[in-house]
Amino acid sequence: MRRTHQKLIGTLLATAALCALPTAASGASQGAVVNNAWVALWGAVLAPNISPMGANDWACKPTAAHPRPVILLHGTYQNMYSSFANLSRPIKRQGYCVFAYNYGSYPQGLGIGIFPAIKGIASVRSSARQVSAFVEKVRRETGAAQVDLVGYSQGGVVARAYLKYDGGANPSDPTLNKVKNVVGIASTNRGSSVLALTSILRYFGITKKAHDYLGPSSRDLRGDSPFLTDLNAGGDTMPGVNYTMIGTMTDIVSVPYTGAFLNAGPGSTVRNITLQQGCPTDLSGHFTLPYTPRTHGLVLQALDPTYAGHVPCPVRVPDL
């Protein structure tokens, strides 16, 4: 049994090394397409600044069919490659300009910030400001008036913070919105319990020390945090924006999984999708939700309601 485990770990590391090798594509270092979330994570560790395949081609110009670039926002303690090593290319293949960004860095040497591949650590408001600057860069380079945002886990919350606080949406005149569609994949819109870790830490009186190590985002994403209370006050949505929220019944981070869902406010639309609806065999959990082809099909539908491609129904086991 021990030799089997050693062989598995060796294979995983070797595969991750191959996946992390950059390929030249319009000046961007891009990692290979990976079908496994855990292998992608190792690839990201070995090459922290690598882009997912198809992303960050700054020569890309939007087409009439797909006029809005798609910006991918990764999850907490991940980065653009570990979150989107499998989802970026299907979007690119549909003719979109695709961009991704490592946001939420933490001072190296402080807590979990010692690991250069780990992002999404800073406060969500800080990350939203970084995303705001990145959106402006994408709009400037592509000439697009608007973008679409696809956020995984914390990425969906950062997208909403950008809309509400940092100029992504204009409630007084939605025609001036910089974002048309927001797609959330297992977004922690009501906070993250992480298997009730927050409650356990609070019980033992070590919440502050834990958050000092884990970074400000872990504090912001508590269900009862002042940040989430303010973000969700006055309604979940912004006028003129279409929201699609994808959740999975096997989520162990956003608990209950319906916490990923939103309520539509005036002038917006919301489509809340449970992954298992119409497909009980796909049990992908929080960490693997961006890697199931069913999610890929649902994302493409959300970005373009006229998308006629097949939304698969694979057999997939939960994360743990």
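**Disulfides, a helix and some backbone angles**

Reader: How many disulfides does the rule give?

Author: A disulfide is a pair of cysteine sulfur atoms within 2.5 Å. This is a predicted model, in which local features need pLDDT of at least 70, side-chain atom pairs count only at pLDDT 80 or more, and totals for chains, interfaces and linings use all residues. Residues are numbered from 1 along each chain as its sequence is written, and side-chain values use heavy atoms, with hydrogens and water left out. By this rule the count is 2 disulfides.

Reader: Which cysteine is joined to C60, and is the link left-handed or right-handed?

Author: The disulfide of C60 is made with C97, S to S 2.0 Å. The angle about the S-S bond is -85°, and the link of C60 and C97 is left-handed.

Reader: Where do C279 and C313 lie?

Author: C279 and C313 form a disulfide with their sulfur atoms 2.0 Å apart. The pair links distant parts of the chain, 34 residues apart. Helices (H or I, at least four residues) and strands (E, at least two) are DSSP runs, numbered from the N terminus. C279 is in the loop between β8 (269–274) and α11 (293–303), and C313 is in the segment after α11.

Reader: Why does C279 count as buried, and what is C313?

Author: Buried means under 20% relative accessible area, exposed over 50%, and partly exposed in between (1.4 Å probe, protein chains only). C279 counts as buried because its relative accessibility is 0%. C313 has a relative accessible area of 39%, so C313 is partly exposed.

Reader: How many residues of helix α6 are buried?

Author: Helix α6 covers residues 154–165 and has 12 residues. The buried ones include V157, V158 and L163. The helix is mostly covered, and the number buried is 10 of 12.

Reader: What distance does α6 reach from its first C-alpha to its last?

Author: The expected span of a helix is 1.5 Å times one less than its number of residues. For α6 the expected value is 16 Å, and the helix comes close to it, reaching 16 Å.

Reader: Which residue lies in the loop between β5 and α6 with a positive phi, and is it buried or exposed?

Author: The loop between β5 (147–152) and α6 holds S153. S153 has a positive phi of about 55° although it is not a glycine. With a relative accessible area of 5%, S153 is buried.

Reader: What is omega for the peptide bond from V255 to P256?

Author: P256 lies in the loop between β7 (242–247) and β8. The peptide bond from V255 to P256 is cis, with omega near -5°.
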